[in-house]
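Me: Hi! I have just opened a structure that is new to me, and I'd like to talk it through with you.

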Amino acid sequence: MKISEVIVFIVYLLFMVGIGVFFFFRNKNGGEKSYFLGGREMGPWVTALSAGASDMSAWVLMGLPTSVYALGMGQVWIPIGLALGYTISWLVEAPRLRKFSIVAKDSITIPQYLTNRFLARSNILQILCAVVFLMAYTVYSASSLKACGTLFNTVIGLDPKVAMYIAAAIIIGYTFLGGFSAVCWTDFFQGMLIFGGMLIAPIFAVAMLNDQTAAKMPDGYFNLMTSWKDIVSGLAWGLGYFGMPHIIIRFMSIRSQKEMKKSAAIGITWTVFIVIFAAAIGVIGRMFLGFDETISSNSTVFIEMVRKIFPGVISGILLSAVLAASMSTADSQLLSAASSFASDVYKPVFRKNKASDKEMLWVGRLVVLAISIVALIIASNPNSGSIMDLVTNAWGLFGAALGPSIMLSLFWKRFNFPGAIAGIAVGSIVDICWIIFCSSTGIYELFPGFVCGLIAAVIVTLCTKKPTADVEELFDKAVKYED
């Protein structure tokens, strides 16, 4: 154990809590929109980096590099798919989603937007989305907490469960207090830390390699064309971006349409570099460390590389990137789940839209606490799967369930409310059933789930009544909307 690493971790965690406290006092008189969407006042840099950081959880520093480390370059189709999907989501989805969410009764959550987009009186769609949110975000948050446990166990020998409790307390603290603004600003700083850590580590490792120190690579390690299943499954990861609530909610929060292009350029550049670095860490880590089954099973290639290269203070700063990746995703997921339940279930169903702003804030905070407890239980279970397994399942469910309906709502005027319900329901069911019954096929469940959800949404829309004149008018107004 390096004392300097522990000190750096403590300072870093205190800084994150400090941000939460700051925004608690700054926005303590703010309402639901302020807590859950930052009042639509986010600038381009904060929007872009917080969207990227909330996307790239610990799996980008632990799970993905270790997959490349252990299995070879055939795994790089995942970062390729992610880079393509993220680019398309910023350029195609983001501009319209912000405009449509404003025109659709100034919606502050994705389920609320989908319901208002069709001027629906029914709460079925909001409740259906809330169920998907709670399931997926609980699993997703568990992966982030498990990563924190692995980090502290590897670095300072702390019991993984104790480390998870500490990480959960910190994340709950600043999310509970500061809401969306605190989450975005912590993610902004964490995004810069992730970028720095992933850039510096592989560069120094390469500089230290030579013919004598580089490990021999196995035959076929650099083969990209491993199988069509790897290619399809890897590229399918990009489809997840179209329905990832904690990422696309940033599109709705940006200050103006004029700043959208700047945010897109920053966000796309950041993410493309990050996925390139993730693959590079895997390859260089294999050369630098050789193959080690312990590293592979614990997903610690980045951690071991950093600790072998740098002295305590530097390694502590760089390893804080793992904490940053874990916390920046967990906080966004907890807030998105809380906002969905509070705004889309509690307020319209249980309180018949009579809940006060203060009541809504406390309901959201209690949901943050409840999901964290369940996520801790999952993460503490040794049979819950690896960090990468948990992320894979949660990512697939979101993309398959929400992606088709959100994209159709933005670009198809004929799309209707029954079609949206069908798309979300079928996408979710196919995704879950594929995990249970068809995982042995080697095809990532997101792909069949997304395709089936899209087909179901289109067929049901065409077989049911076209939208009313008011809904079509809303679509036209949103397309032409200017700040």
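Me: To start somewhere, does Tyr69 count as buried or exposed?
Reply: Tyr69 counts as buried, at 0% relative accessibility. One thing to keep in mind as we go: this is a predicted model.

Me: Thanks. Which ring does Tyr69 pair with?
Reply: Tyr69 forms an aromatic pair with Phe291. The two are stacked, at 5.8 Å centre to centre with 20 degrees between the planes.

Me: And where do Tyr69 and Phe291 lie?
Reply: Tyr69 is in helix H4 (residues 63–71), while Phe291 is in the loop between helix H11 (260–289) and helix H12 (293–298), so the pair ties together parts that are 222 residues apart in sequence.

Me: How does Phe291 count for accessibility?
Reply: Phe291 counts as partly exposed, at 43% relative accessibility. Its partner Tyr69, as we said, counts as buried.

Me: What lies over the face of Tyr69?
Reply: Arg286 does, at 5.9 Å from the ring centre. There is also Lys308, whose charged end sits over the ring of Phe288, 5.3 Å from its centre.

Me: Back to ring pairs. How many aromatic pairs does the structure hold?
Reply: It holds 17 aromatic pairs. One of them is Tyr86 with Trp90, which is edge-to-face: 6.5 Å centre to centre and 85 degrees between the planes.

Me: Where do Tyr86 and Trp90 lie?
Reply: Both are in helix H5 (residues 77–103), 4 residues apart, or about one turn of the helix. Tyr86 is buried, with a relative accessible area of 1%, and Trp90 counts as buried too, at 1% relative accessibility.

Me: Which residues do ring pairs link into a cluster?
Reply: The cluster is made up of Tyr86, Trp90, Trp237, Tyr241, Phe251, Trp395 and Tyr444.

Me: Let's change topic to the nonpolar core. How many residues does the largest one have?
Reply: The largest nonpolar core has 129 residues. Trp59, Leu61, Met198, Trp237 and Trp395 have the most contacts inside it.

Me: Which helix gives the largest share of this core?
Reply: That is helix H16 (residues 387–411), with 15 residues. Apart from the largest core lies another core, of 7 residues, including Val68, Met73, Ala279 and Val283.

Me: Now for the open spaces. What volume does the largest pocket have?
Reply: The largest pocket has a volume of about 580 Å³. Its lining is made of 26 residues, and Gln75, Ile78, Met388, Asp389 and Thr392 lie nearest its centre.

Me: Which helices each supply at least two residues of that lining?
Reply: They are H4, H5, helix H9 (228–236), H12 and H16. You have met H16 before: it gives the largest share of the largest core.

Me: And how many cavities of 30 Å³ or more does a search of the whole structure find?
Reply: It finds 2. The second largest cavity has a volume of about 40 Å³.

Me: Which residues line the second largest cavity?
Reply: Its lining is Ser141, Leu145, Ala168, Ile171, Ile172, Ala330, Leu334, Ser372 and Ala375. Two or more of the lining residues come from each of helix H7 (124–156), helix H8 (160–208), helix H14 (312–350) and helix H15 (357–380). H8 gives the most, with 3 residues.

Me: What about cysteines: how many disulfides does the structure hold?
Reply: The structure holds 0 disulfides. Take Cys438: the nearest cysteine sulfur is that of Cys433, 8.2 Å away, whereas a disulfide needs the sulfur atoms within 2.5 Å.

Me: How accessible are Cys438 and Cys129?
Reply: Cys438 is partly exposed, with a relative accessible area of 26%. Cys129 is buried, with a relative accessible area of 0%.

Me: Last topic, the backbone. Which residue has a positive phi of about 55 degrees although it is not a glycine?
Reply: That is Asp106, in the loop between H5 and helix H6 (110–117). Asp106 is partly exposed, with a relative accessible area of 28%. Leu119 has a positive phi as well, near 50 degrees.

Me: Why point those out? What sign of phi do most residues other than glycine have?
Reply: Most residues other than glycine have a negative phi.

Me: Where is Leu119 found?
Reply: Leu119 is in the loop between H6 and H7, and it counts as partly exposed at 32% relative accessibility.

How values were computed
Residues numbered from 1 in each chain as written. Predicted model: local features only at pLDDT ≥ 70, side-chain atom pairs only at ≥ 80, totals over all residues. Heavy atoms only, no water. Core = buried A, V, L, I, M, F, W, Y, C linked by side-chain atoms within 4.5 Å. Buried < 20%, exposed > 50% of the residue type's maximum accessible area, 1.4 Å probe, protein only. Phe/Tyr/Trp six-rings, centres within 6.5 Å; stacked < 30°, edge-to-face > 60°. Lys NZ or Arg CZ within 6 Å of the ring centre and 35° of its normal. 1 Å grid on protein atoms, 1.4 Å probe; cavity = no way out; pocket = protein on both sides within 12 Å on 5 of 7 lines; lining within 4 Å. Points joined across faces, edges and corners; volume = space filled by probe spheres on them.
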